[in-house]
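Subject: Structure handover and what was found

Dear colleague,

Here is the structure I promised to pass on, with the sequence alongside. Please open it first, and then read the notes that follow.

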Amino acid sequence: MPQVRIIAKNFMDMVASMPAMKLDRLYENTFICEAILRSLPPLAKKYVLQMLYIDQPVAAKLMEEWVLQDGLSKHKVALDRLVHLRVFQETVDRKRETSYRLNPKFQANLQQHVTLGGILPREPMSFSISVKLPSLDELQAYALQQWECFLLQLISSGQSDKPTNISPSMMKLFQRGLLTQRDREAPKLTESGFRFLLMDTNAQLWYIIRDYINNAEERGLDPADLISFLLELSFHVPGEAYDMNTLDDIQLATIKDLADLGLVKLQQGRKESWFIPTKLATNLSISLTDTSSRKEGFVVVETNFRMYAYSTSKLHCEMLRLFSRVSTSKPHSCGHYQRKLVQRFRKWHFIGPDSCIPSTECASSSC
């Protein structure tokens with residue numbers, strides 16, 4: 001499917017929009033400080049490390065000498081980002097000369113993190129040989145299955161093959177702005193909903209997490225506590241098991257919501273219960289384009305507007321139904337139809353003359 005990138009408010013912009021008092025409280029957590037440092041542009045990271053052990057303001061004119069003339073534009077971007085996140089505190093003296101210094105709380109905790117190292121509030125659990133944890137490949141497949149199940153529920157509650165365990169309250173929260181509900185009519189996707197479906201996985205994740213945080217107060221949660229836990233979660237090791245008993249009530253409710261979206265996998269033993277972070281959870285503090293969750297497939301559109309699609313993803317097939325009228329849908333067992341698709345893909349140079357398409361589901365649609 002085509003990838004459409006929507007410019008939206010990213011995670012660190014949400015952090016920067018918080019009141020100064022709550023942001024300072026966030027900076028009391030050393031892992032939050034590291035997450036902020038990770039998110040900065042390269043030049044901004046360099047400035048933070050250069051000023052990490054400087055306890056007095058540095059003049060802006062002096063900082064301009066740290067870069068060459070052709071790097072001034074990147075210098076201004078770095079400073080704007082640091083001030084926006086309140087990592088740098090900006091002061092103007094009587095002579096109207098600007099100077100910068102590191103936020104004292106951010107500086108003290110990052111110094112401690114650099115010199116002593118950070119220790120998570122919970123360590124991975126040690127299991128006997130009898131306990132089998134999922135492999136990273138199995139965990140990735142689980143995360144993708146949960147995420148596609150959520151998207152299928154968003155398109156239509158009747159499209160998924162089996163009932164979903166996503167709670168109605170979670171669906172109601174995330175459907176705001178994506179679905180329109182009218183009296184005696186089934187919910188329909190809005191323009192924002194269509195654009196959301198065409199985002200890549202990470203862009204969709206940021207959209208969901210943003211709304212989850214913005215509506216935290218309606219659920220009686222402090223957004224600062226929620227952001228702190230989400231960023232802290234990104235430092236956990238994918239595939240490792242962590243004891244659920246180490247979570248407080250707010251974190252316990254949050255981890256169950258995140259399990260609905262495939263960010264963590266919950267497991268229950270005889271006496272203990274634990275959660276296992278997936279890569280979706282550990283990527284929360286960094287902005288990377290996710291390509292690992294894309295399903296392989298092909299779409300050919302002819303000049304007569306007839307479209308041929310071949311995909312392993314049920315989600316992609318349901319998305320095609322939103323933009324086209326499906327006239328024929330064949331399973332992989334249809335050898336004649338598969339040979340016909342191979343001929344068309346060769347004609348359009350999607351595959352080589354000696355290549356074949358692996359057996360999977362296929363669909364033919366008419367726009």
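In which loop does Asn103 lie? Asn103 is placed in the loop between β3 and α7, the latter covering 104-116. Please keep in mind throughout that this is a predicted model.

Asn103 and Val87

Although Asn103 belongs to a loop, it is buried, with a relative accessible area of 3%, where the cut-off for buried is under 20%. When neighbours within four places in sequence are left aside, the residues in contact with Asn103 are Asp24, Tyr27, Arg86, Val87 and Gln89. Val87 in turn, with its own neighbours within four places in sequence left aside, is in contact with Tyr27, Ile36, Val48, Leu82, Arg101, Leu102, Asn103 and Phe106. Tyr27 therefore appears in the contact list of Asn103 and also in that of Val87, with the buried state of Asn103 given by its 3% relative accessible area.

The nonpolar cores

Val87 also leads into the question of how the nonpolar residues are arranged. The largest nonpolar core has 82 residues, and Val87, Phe88 and Phe196 are those with the most contacts inside it. Helix α11, residues 201-214, supplies the largest share of this core, namely eight residues. The core also draws on both domain 1 (11-116) and domain 2 (136-283), with at least three residues coming from each. A second core, separate from this one, consists of five residues, among them Met125, Leu139, Trp274 and Ile276. As general background, nonpolar side chains tend to be buried together in soluble globular proteins.

Salt bridges

How many salt bridges does a search of the whole structure find? The search returns six. One of these joins Asp222 to Arg25, with the closest N and O atoms 2.8 Å apart. This pair links distant parts of the chain, since Asp222 sits in the loop between α11 and α12 (223-233) while Arg25 sits in helix α2 (residues 20-26), the two being 197 residues apart. Asp222 counts as partly exposed at 22% relative accessibility, and Arg25 is likewise partly exposed, with a relative accessible area of 37%.

Arg25 forms a further salt bridge with Asp225, for which the closest N and O atoms are 3.1 Å apart. Because Arg25 lies in helix α2 and Asp225 in helix α12, this pair ties together parts that are 200 residues apart in sequence. Asp225 is partly exposed, with a relative accessible area of 37%. Taken as a group, Lys22, Arg25, Asp222 and Asp225 are linked in a network of salt bridges.

The pair formed by Arg38 and Glu34 is a local one within a helix, and its closest N and O atoms are 3.7 Å apart. Because they are four residues apart in helix α3 (residues 30-39), Arg38 and Glu34 are separated by about one helical turn. Arg38 is partly exposed at 34% relative accessible area, whereas Glu34 is buried at 18%.

Positive phi values

Two residues deserve a look if you examine the backbone. Phi of Arg96 is near 60°, which is a positive value in a residue other than glycine; Arg96 lies in the loop between β2 (88-92) and β3 (98-102), and it is exposed, with a relative accessible area of 74%. Phi of Phe305 is near 70°, again a positive value in a residue other than glycine. Phe305 is found in the loop between β9 (297-301) and β10 (306-311), and at 58% relative accessibility it counts as exposed.

The cavity

Which residues line the largest cavity? They are Leu136, Leu139, Gln140, Pro238, Thr278 and Lys279, and the volume of this cavity is about 40 Å³. Helix α8 (residues 136-155) contributes the largest share of the lining, three residues. A search of the whole structure finds one cavity of 30 Å³ or more. Leu139 thus has a place in the cavity lining and is also included in the second nonpolar core, a core being by definition a set of buried residues.

With best wishes

Terms used:
Residues numbered from 1 in each chain as written. Predicted model: local features only at pLDDT ≥ 70, side-chain atom pairs only at ≥ 80, totals over all residues. Heavy atoms only, no water. Core = buried A, V, L, I, M, F, W, Y, C linked by side-chain atoms within 4.5 Å. Buried < 20%, exposed > 50% of the residue type's maximum accessible area, 1.4 Å probe, protein only. Domains from an automatic or database assignment. Contact = heavy atoms within 4.5 Å. Salt bridge = Lys/Arg side-chain N within 4 Å of Asp/Glu carboxyl O. 1 Å grid on protein atoms, 1.4 Å probe; cavity = no way out; pocket = protein on both sides within 12 Å on 5 of 7 lines; lining within 4 Å. Points joined across faces, edges and corners; volume = space filled by probe spheres on them.
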